[in-house]
Amino acid sequence: MEENSSKLHLDSRQWDVDCDVAVEVALPPRWEFRDRGGSPGIWRAFPEAVSNEINALARRGQRRGHLSLGGAELVVDLQDMVAVPTDQYAVPRMLRKRVRQSQVNRRSLKAFYLKYAEEMQPLDHPQGPDGIQGPKFLQLFKDLAVDLASDVAALAFASACGASEMGVFRRKEFICGCTVLDVDTVEDLRDKMPTLREEVLCGTSLQEVYRYTFGVALEPPSKVLPLEEAQQYWALLLRDWPLREAFCAWAGTLKGKSVNRDIWMMVLKLATEVPADLSTYDDNPAWPVLFDDFVEFHRGQMES
């Protein structure tokens, strides 16, 4: 048993179990197949999308499921480790899971985590009975030289963790995020912050972090984000969008000032796929009426 200054106890065996679970989320296994009766020892990798479907089945605890491969439908059995084509003349395929190895030092990561973690309710939370929150959360980002109010790197790290609550990293979430980034000390994580920031701002990881942000920012059971909060996140995530201030000012004049998921994602589409002069906006007839209204208003402002 080990403890930090807040008297948090962490059992080493349970830590290893949690690391195994988190690593499989951070570095999803790759799946391979071999035809029964084919050349022995020749395994072929499933496409990434198919591997993701099989991993999703495993996470849900399902033994069997259907998936498509090259236009053919397969019935996957994760207990017998076979994939059986629905075509009665096709040959069943043997399955093999290739686990990806993490390079993170678990002992170092544990010491890093213990510096900031504390017990959290509920103790039976699926992501762990402890986590980083409150003053320790603020201290973590201070030590990372990241301003939570103005630096998109904080959202990028939370997205890597898959954190389910704003301002909280549960145990398995933190392990997952550090595994994704291949870090096990605060110094290593601090060195990753410029890369996380740049990948969002240059667009490499923008869609992933942007999509994640909407979900984590919601206050259950609400399914909409108050406009004021949405504007704050747009300032972080879309800071270089030339029309951001104009769009936010226009949106502020509307009734029912809230943003649902569809509108949230369409704002990203407008910001990243349509030039600032809106010259190609009309090429896509599928824009919601809300955006048609903004474009009409903005064009009128530009003409006047």
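Student: How many residues lie between β6 and β7 in their hairpin, and which residue in the turn has a positive phi?
Tutor: Four residues lie between the two strands, and Met81 in the turn has a positive phi of about 55°. This is a predicted model, where local features need pLDDT (the predictor's confidence in each residue, from 0 to 100) of at least 70, side-chain atom pairs count only at pLDDT 80 or more, and totals for chains, interfaces and linings use all residues. Residues are numbered from 1 along each chain as its sequence is written, and side-chain values use heavy atoms, with hydrogens and water left out.

Student: What makes β6 and β7 a pair?
Tutor: Strands pair if DSSP finds at least two bridges between them. Strand β6 (residues 72–77) and strand β7 (residues 82–85) have four bridges, in the antiparallel sense, so the condition is met. Asp77 stands opposite Val82 in β7. The strands themselves are DSSP runs of E, at least two residues long, and helices are runs of H or I, at least four, both numbered from the N terminus.

Student: How do you know that β7 also pairs with β8?
Tutor: DSSP gives two antiparallel bridges between β7 and β8 (residues 93–98), and two is the minimum, so they count as paired. Ala83 stands opposite Arg93, and Val82 opposite Met94.

Student: How many bridges join β3 to β8, and how many join β3 to β4?
Tutor: Six bridges join β3 (residues 30–35) to β8, with Arg30 opposite Arg98. Two join β3 to β4, where Glu32 stands opposite Ala45.

Student: Why are β4 and β5 called edge strands?
Tutor: The six strands form an open antiparallel sheet in the order β4-β3-β8-β7-β6-β5. β4 (44–45) and β5 (64–69) each pair on one side only.

Student: Why are Phe137, Leu140 and Phe141 of α4 called buried?
Tutor: Buried means under 20% relative accessible area, exposed over 50%, and partly exposed in between (1.4 Å probe, protein chains only). These three are the buried residues of α4 (residues 134–143), so each is under the lower limit. They lie on the same side of α4 because they cover an arc of only 90° around the axis, taken from the directions from the helix axis to the C-beta atoms. The face turned away carries the exposed residues Pro135, Leu138 and Lys142.

Student: What covers the buried residues of α4?
Tutor: The cover includes α3 (106–114), β10 (130–132), α5 (153–161), β11 (169–170) and α6 (171–181).

Student: What makes a set of residues a nonpolar core?
Tutor: Its members are buried Ala, Val, Leu, Ile, Met, Phe, Trp, Tyr and Cys residues joined through side-chain atoms within 4.5 Å. The largest one has 80 residues, and those with the most contacts inside it are Phe157, Phe169, Trp234, Leu237 and Trp264. Its largest share, eight residues, comes from helix α11 (residues 261–273). Apart from it lies another core, of 13 residues, among them Phe46, Ile54, Ala83 and Leu95.

Student: Which residues does Trp264 touch?
Tutor: Among them are Tyr210, Phe214, Trp234, Leu237 and Val259, not counting residues up to four places away in sequence. A contact means heavy atoms within 4.5 Å.

Student: How do you know where to be careful?
Tutor: The chain has a mean pLDDT of 92, and 96% of its residues reach 70 or more. Over residues 1–5 the pLDDT is below 50, although this stretch has 14 contacts in the model beyond near neighbours in sequence. Where pLDDT is low, predicted coordinates should not be read in detail.
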